[in-house]
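Biologist: Could you pick one part of this model and take me through it up close? I'd like the cut-offs along the way.

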Amino acid sequence: MEKIASFTVDHIRLVPGVYVSRKDTAGNTVITTFDIRMTSPNDEPVMNTAEVHTIEHLGATYLRNHGEYKDRTIYFGPMGCRTGFYLLLAGDYASADIVPLMRDMFSFIASYEGDVPGASPKDCGNYLDMNLPMARYQAKKYLDEVLTDIQDRQLYYPE
């Protein structure tokens, strides 16, 4: 069996950033998959499920309510390795195109107060596995260390 594309990325040289992972088509629409890499793979600790789950709820809520991107958002969810998230948008995008959106989204998460949307037994299959303080910490860290002054090496996968 051939390796899937995401398993061919050099995770030893990969740094936190915003990457185009792949582009697919559905009918006449290009679907761009982004790798929202928040931690350095195999180098720093992965995020715990509680903060990942909280970021997922807040990020998905933010994107699906965004004036420009709500109708373009296909999916936002965690990577199995817990080093980041995948974002699928309808449209043909480059990594730099969504940096302002990611800055706004992670600012929203970093400053979020109140009940996490969908964190109830009626709305979520694992509603107790949430950690808003750690989600806010991780979002602020990503915002400060990556998104605020993002470099080219954080926008393109290592060769």
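Modeller: What follows is a close look at helix 3.
First, the ground rules: this is a predicted model, so local features need pLDDT of at least 70 and side-chain atom pairs count only at pLDDT 80 or more, while totals for chains, interfaces and linings use all residues. Residues are numbered from 1 along each chain as its sequence is written, and side-chain values use heavy atoms, with hydrogens and water left out.

Helix 3 spans residues 132-147; helices here are DSSP runs of H or I with at least four residues, strands are E runs of at least two, and both are numbered from the N terminus. Right at its start, Asn 131 has a side-chain oxygen within 3.1 Å of the backbone nitrogen of Met 134.

Now the buried side of the story (buried is under 20% relative accessible area, exposed over 50%, partly exposed in between, with a 1.4 Å probe and protein chains only). Helix 3 buries Leu 132, Ala 135, Gln 138, Ala 139, Lys 141, Tyr 142, Leu 143, Val 146 and Leu 147. An α-helix has 3.6 residues a turn, so residues three or four places apart point the same way. The cover over those buried residues includes strand 1 (17-26), strand 2 (29-37), helix 1 (49-64) and helix 2 (99-110).

Lys 141 is worth a stop, as it sits in helix 3 and is on the buried list. Setting aside neighbours within four places in sequence, Lys 141 is in contact (heavy atoms within 4.5 Å) with Glu 44 and Val 146. As for Thr 32, 109 residues away along the chain, its C-alpha is 25 Å from that of Lys 141.

Terms used:
Polar contact = N/O pair within 3.5 Å; in protein donor to acceptor, adjacent residues only side chain to side chain.
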